[in-house]
Amino acid sequence: MNQIQPLTASRFLGKLITQYAHIHQRTIGPGAQEYITQLGIRTGEWLESYYPESSWTPDDYARVIVDIKNSIGGEFYISEVNERYVVVKSNSCPFGEQVKDAPHLCGMTSSVFGGIAARHFKYGEVNLRKRIALGDPGCEVMIAFEPGIEDGDRYENLPVTPKNGDPFTWEEDAIALLNKELKRSDDMVMKLVQELEDLKKQVDQNKTV
(Lines give C-alpha, C1' and ligand atoms only; values in the text may rest on other atoms or scores of the structure.)
Protein backbone atom coordinates (compact mmCIF):
# COMPACT_ATOMS: atom_id res chain seq x y z
CA MET A 1 0.00 0.00 0.00
CA ASN A 2 1.38 3.41 -0.97
CA GLN A 3 2.14 5.75 1.90
CA ILE A 4 0.21 8.98 1.49
CA GLN A 5 2.43 12.02 2.04
CA PRO A 6 1.17 14.67 4.48
CA LEU A 7 -0.87 17.40 2.84
CA THR A 8 0.91 20.76 2.90
CA ALA A 9 0.24 24.08 1.21
CA SER A 10 3.26 23.70 -1.08
CA ARG A 11 2.30 20.14 -2.08
CA PHE A 12 -1.27 21.19 -2.76
CA LEU A 13 -0.14 24.19 -4.82
CA GLY A 14 2.36 22.08 -6.75
CA LYS A 15 -0.30 19.51 -7.59
CA LEU A 16 -2.78 22.20 -8.58
CA ILE A 17 -0.32 23.95 -10.89
CA THR A 18 0.94 20.79 -12.57
CA GLN A 19 -2.55 19.43 -13.17
CA TYR A 20 -3.71 22.77 -14.56
CA ALA A 21 -0.69 22.82 -16.87
CA HIS A 22 -1.40 19.22 -17.92
CA ILE A 23 -5.03 19.99 -18.80
CA HIS A 24 -4.03 23.25 -20.46
CA GLN A 25 -1.56 21.51 -22.74
CA ARG A 26 -4.09 18.85 -23.73
CA THR A 27 -6.61 21.56 -24.56
CA ILE A 28 -4.36 24.11 -26.27
CA GLY A 29 -1.66 21.85 -27.67
CA PRO A 30 1.81 23.17 -28.60
CA GLY A 31 0.71 26.75 -27.90
CA ALA A 32 0.74 25.95 -24.18
CA GLN A 33 4.54 26.10 -24.24
CA GLU A 34 4.44 29.73 -25.36
CA TYR A 35 2.23 30.57 -22.40
CA ILE A 36 4.80 29.03 -20.05
CA THR A 37 7.60 30.94 -21.79
CA GLN A 38 5.86 34.30 -21.53
CA LEU A 39 4.90 33.69 -17.90
CA GLY A 40 8.45 32.66 -17.01
CA ILE A 41 9.98 35.75 -18.63
CA ARG A 42 7.70 38.06 -16.67
CA THR A 43 8.00 36.08 -13.45
CA GLY A 44 11.78 36.27 -13.71
CA GLU A 45 11.66 40.03 -14.10
CA TRP A 46 9.40 40.29 -11.05
CA LEU A 47 11.74 38.05 -9.02
CA GLU A 48 14.70 40.26 -9.94
CA SER A 49 13.12 43.08 -7.97
CA TYR A 50 14.00 41.20 -4.77
CA TYR A 51 17.72 41.53 -5.50
CA PRO A 52 20.12 44.51 -5.84
CA GLU A 53 19.93 46.30 -9.19
CA SER A 54 23.68 46.91 -9.56
CA SER A 55 25.60 45.31 -12.44
CA TRP A 56 25.81 41.57 -12.00
CA THR A 57 28.78 39.32 -12.64
CA PRO A 58 28.24 35.69 -13.71
CA ASP A 59 28.84 34.72 -10.06
CA ASP A 60 26.12 37.14 -8.94
CA TYR A 61 23.75 35.75 -11.56
CA ALA A 62 24.42 32.15 -10.50
CA ARG A 63 23.78 32.95 -6.84
CA VAL A 64 20.54 34.76 -7.68
CA ILE A 65 18.99 32.00 -9.82
CA VAL A 66 19.92 29.35 -7.26
CA ASP A 67 18.46 31.47 -4.46
CA ILE A 68 15.25 31.99 -6.46
CA LYS A 69 14.75 28.27 -6.97
CA ASN A 70 15.62 27.33 -3.41
CA SER A 71 13.33 30.03 -2.03
CA ILE A 72 10.37 28.27 -3.64
CA GLY A 73 11.27 24.77 -2.52
CA GLY A 74 13.97 23.53 -4.90
CA GLU A 75 17.38 22.08 -4.02
CA PHE A 76 19.60 23.84 -6.55
CA TYR A 77 23.33 24.45 -6.32
CA ILE A 78 26.05 25.99 -8.48
CA SER A 79 28.10 23.48 -10.47
CA GLU A 80 30.21 25.71 -12.72
CA VAL A 81 30.65 29.44 -13.36
CA ASN A 82 32.77 31.33 -15.85
CA GLU A 83 32.47 34.42 -18.05
CA ARG A 84 30.72 32.52 -20.85
CA TYR A 85 28.20 30.33 -19.05
CA VAL A 86 26.82 28.98 -15.78
CA VAL A 87 25.80 25.43 -14.88
CA VAL A 88 23.43 24.71 -12.00
CA LYS A 89 22.13 21.38 -10.75
CA SER A 90 19.28 20.26 -8.54
CA ASN A 91 18.25 17.24 -6.50
CA SER A 92 14.64 18.37 -6.14
CA CYS A 93 12.08 20.25 -8.23
CA PRO A 94 9.97 23.01 -6.63
CA PHE A 95 6.91 21.28 -8.13
CA GLY A 96 7.92 17.94 -6.57
CA GLU A 97 7.29 14.63 -8.29
CA GLN A 98 4.10 16.13 -9.74
CA VAL A 99 6.19 17.85 -12.42
CA LYS A 100 6.24 14.50 -14.24
CA ASP A 101 2.55 15.10 -15.00
CA ALA A 102 3.44 18.29 -16.89
CA PRO A 103 7.09 18.24 -18.04
CA HIS A 104 6.55 21.30 -20.23
CA LEU A 105 6.59 23.29 -16.97
CA CYS A 106 10.37 22.98 -17.22
CA GLY A 107 9.97 25.76 -19.76
CA MET A 108 9.32 28.01 -16.76
CA THR A 109 12.83 27.33 -15.49
CA SER A 110 14.25 27.98 -18.95
CA SER A 111 12.45 31.30 -19.45
CA VAL A 112 13.10 32.54 -15.90
CA PHE A 113 16.83 31.76 -16.15
CA GLY A 114 17.12 32.86 -19.78
CA GLY A 115 15.12 36.04 -19.33
CA ILE A 116 17.22 37.16 -16.38
CA ALA A 117 20.42 36.40 -18.30
CA ALA A 118 19.22 38.34 -21.35
CA ARG A 119 18.37 41.41 -19.28
CA HIS A 120 21.73 41.45 -17.49
CA PHE A 121 24.09 40.11 -20.17
CA LYS A 122 22.16 40.95 -23.38
CA TYR A 123 21.84 37.26 -24.24
CA GLY A 124 20.78 34.03 -22.60
CA GLU A 125 20.63 30.51 -24.03
CA VAL A 126 19.33 27.73 -21.80
CA ASN A 127 19.95 24.03 -22.29
CA LEU A 128 17.97 21.78 -19.95
CA ARG A 129 20.53 18.99 -19.97
CA LYS A 130 18.80 16.79 -17.40
CA ARG A 131 15.25 16.97 -16.06
CA ILE A 132 13.55 15.29 -13.14
CA ALA A 133 10.32 15.73 -15.11
CA LEU A 134 11.61 13.28 -17.72
CA GLY A 135 12.85 10.70 -15.22
CA ASP A 136 16.41 11.88 -14.58
CA PRO A 137 17.51 11.61 -10.93
CA GLY A 138 18.28 15.34 -10.89
CA CYS A 139 18.19 18.47 -13.02
CA GLU A 140 21.16 20.05 -14.80
CA VAL A 141 20.85 23.40 -16.56
CA MET A 142 23.42 25.29 -18.61
CA ILE A 143 22.87 29.03 -19.21
CA ALA A 144 25.14 30.63 -21.81
CA PHE A 145 25.76 34.37 -22.12
CA GLU A 146 26.82 34.09 -25.76
CA PRO A 147 25.71 31.96 -28.73
CA GLY A 148 27.48 28.87 -30.02
CA ILE A 149 28.20 27.04 -26.76
CA GLU A 150 25.29 24.58 -26.67
CA ASP A 151 21.95 24.47 -28.44
CA GLY A 152 19.11 25.66 -26.25
CA ASP A 153 16.25 28.12 -25.83
CA ARG A 154 17.44 31.60 -26.83
CA TYR A 155 16.48 34.82 -25.10
CA GLU A 156 17.56 38.25 -26.32
CA ASN A 157 16.21 41.72 -27.01
CA LEU A 158 13.61 41.33 -24.30
CA PRO A 159 11.49 44.36 -23.42
CA VAL A 160 12.06 45.69 -19.90
CA THR A 161 9.14 46.89 -17.80
CA PRO A 162 9.38 50.63 -17.03
CA LYS A 163 10.43 51.48 -13.48
CA ASN A 164 7.56 50.97 -11.00
CA GLY A 165 5.65 49.13 -13.73
CA ASP A 166 4.13 45.65 -13.52
CA PRO A 167 5.90 42.91 -15.52
CA PHE A 168 2.67 40.90 -15.44
CA THR A 169 0.87 43.52 -17.53
CA TRP A 170 1.33 41.71 -20.80
CA GLU A 171 2.23 43.52 -23.99
CA GLU A 172 -0.03 43.64 -27.02
CA ASP A 173 1.71 40.74 -28.76
CA ALA A 174 1.24 38.48 -25.74
CA ILE A 175 -2.41 39.49 -25.44
CA ALA A 176 -2.94 38.77 -29.13
CA LEU A 177 -1.36 35.36 -28.68
CA LEU A 178 -3.58 34.66 -25.70
CA ASN A 179 -6.73 35.59 -27.63
CA LYS A 180 -5.66 33.48 -30.60
CA GLU A 181 -5.07 30.39 -28.49
CA LEU A 182 -8.28 30.85 -26.52
CA LYS A 183 -10.24 31.09 -29.78
CA ARG A 184 -8.50 27.97 -31.00
CA SER A 185 -9.52 26.18 -27.83
CA ASP A 186 -13.13 27.34 -28.22
CA ASP A 187 -13.18 26.16 -31.84
CA MET A 188 -11.88 22.74 -30.77
CA VAL A 189 -14.64 22.44 -28.18
CA MET A 190 -17.33 23.48 -30.68
CA LYS A 191 -16.00 20.99 -33.21
CA LEU A 192 -16.13 18.24 -30.60
CA VAL A 193 -19.71 19.18 -29.69
CA GLN A 194 -20.71 19.07 -33.36
CA GLU A 195 -19.09 15.66 -33.81
CA LEU A 196 -21.02 14.36 -30.81
CA GLU A 197 -24.25 15.75 -32.24
CA ASP A 198 -23.56 14.08 -35.60
CA LEU A 199 -22.78 10.80 -33.86
CA LYS A 200 -26.03 11.04 -31.89
CA LYS A 201 -28.01 11.58 -35.12
CA GLN A 202 -26.38 8.53 -36.69
CA VAL A 203 -27.28 6.42 -33.66
CA ASP A 204 -30.87 7.68 -33.75
CA GLN A 205 -31.11 6.89 -37.47
CA ASN A 206 -29.83 3.37 -36.93
CA LYS A 207 -32.47 2.82 -34.27
CA THR A 208 -35.24 3.68 -36.73
CA VAL A 209 -33.99 1.32 -39.44
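**View 1. Arg 84 and Glu 146 form a salt bridge between two loops of this predicted model.** At 40% relative accessibility, Arg 84 counts as partly exposed. Glu 146 is likewise partly exposed, at 30% relative accessibility. The two side chains meet with an N to O distance of 2.9 Å. Arg 84 belongs to the loop between E1 and E2 and Glu 146 to the loop between E4 and E5, so the salt bridge ties together parts of the chain that are 62 residues apart in sequence. The structure holds 7 salt bridges, and further examples appear in Views 2 and 3.

**View 2. Lys 130 and Glu 140 form a salt bridge between two strands.** The closest N and O atoms of this pair are 3.9 Å apart. Lys 130 lies in strand E3 and Glu 140 in strand E4, with 10 residues of separation along the chain. Which of these residues is buried? It is Glu 140, with a relative accessibility of 12%. Lys 130 is partly exposed, with a relative accessible area of 42%. Through shared partners, salt bridges connect Arg 129, Lys 130, Glu 140 and Glu 150 in one network.

**View 3. Glu 48 and Arg 119 form a salt bridge between two helices.** The N to O distance between the side chains is 2.6 Å. Glu 48 is part of helix H2, which covers residues 31–48, and Arg 119 is part of helix H4. The pair is 71 residues apart and links distant parts of the chain. Glu 48 has a relative accessible area of 13% and is buried. Arg 119 is buried too, with a relative accessible area of 17%. A value under 20% counts as buried, so the 13% of Glu 48 falls in that class.

**View 4. Gly 40 in helix H2 is in contact with residues far along the chain.** Gly 40 is buried, with a relative accessible area of 0%. Which residues does Gly 40 contact, leaving aside its neighbours within four places in sequence? They are Met 108, Ser 111 and Val 112. The C-alpha atoms of Gly 40 and Val 112 are separated by 4.8 Å, although the two residues are 72 residues apart along the chain. Helix H4 spans residues 106–121.

**View 5. Five strands form an open sheet with antiparallel pairing.** The order of the strands in the sheet is E1-E2-E4-E3-E5. Strand E1 (76–81) and strand E5 (153–156) each have a single partner strand, so each stands at an edge with one side left without a neighbour in the sheet. On average, and with direction ignored, neighbouring strands are turned by 20 degrees against each other.

**View 6. Strand E2 pairs with E1 and with E4.** E2 covers residues 85–90 and is joined to E1 by 5 bridges, the two strands running antiparallel. A hairpin through 3 residues connects E1 to E2. Among the bridge partners, Ile 78 is matched with Val 88, and Phe 76 with Ser 90. E2 and E4 also run antiparallel, joined by 6 bridges. Between these strands, Val 86 stands opposite Ile 143 of E4. Is E2 largely enclosed or left open? Of its 6 residues, 5 are buried, so E2 is largely enclosed by the rest of the structure.

**View 7. Helices H3 and H4 lie against strands of the sheet.** Helix H3, made of residues 58–71, packs on the sheet and touches E1, E2 and strand E4 (139–144). The direction of H3 makes about 160 degrees with that of E1. Helix H4 lies across E1, E2, strand E3 (123–130), E4 and E5. H4 runs at about 150 degrees to E3.

**View 8. The whole chain contains 5 helices and 5 strands.** From the N terminus on, the elements follow the order α-α-α-β-β-α-β-β-β-α. The chain has 209 residues, of which 38% count as buried. Among contacts with a separation of 6 or more, 65% come from residues 24 or more positions apart. The accessible surface comes to about 13,000 Å², and carbon and sulfur atoms account for 55% of this surface.

Definitions and conventions
Residues are numbered from 1 along each chain as its sequence is written. This is a predicted model: local features need pLDDT of at least 70, side-chain atom pairs count only at pLDDT 80 or more; totals for chains, interfaces and linings use all residues. Side-chain values use heavy atoms; hydrogens and water are left out. Two strands pair if DSSP finds at least two bridges between them. Helices (H or I, at least four residues) and strands (E, at least two) are DSSP runs, numbered from the N terminus. Axes are lines fitted to C-alpha atoms, for helices over the stretch in contact, and angles run from 0 to 180 degrees between N-to-C directions. Contact means heavy atoms within 4.5 Å. Buried means under 20% relative accessible area, exposed over 50%, partly exposed in between (1.4 Å probe, protein chains only). Accessible areas come from the Shrake-Rupley method with a 1.4 Å probe; for residues, only the protein chains shown count as cover. A salt bridge is a side-chain nitrogen of Lys or Arg within 4 Å of a carboxyl oxygen of Asp or Glu.
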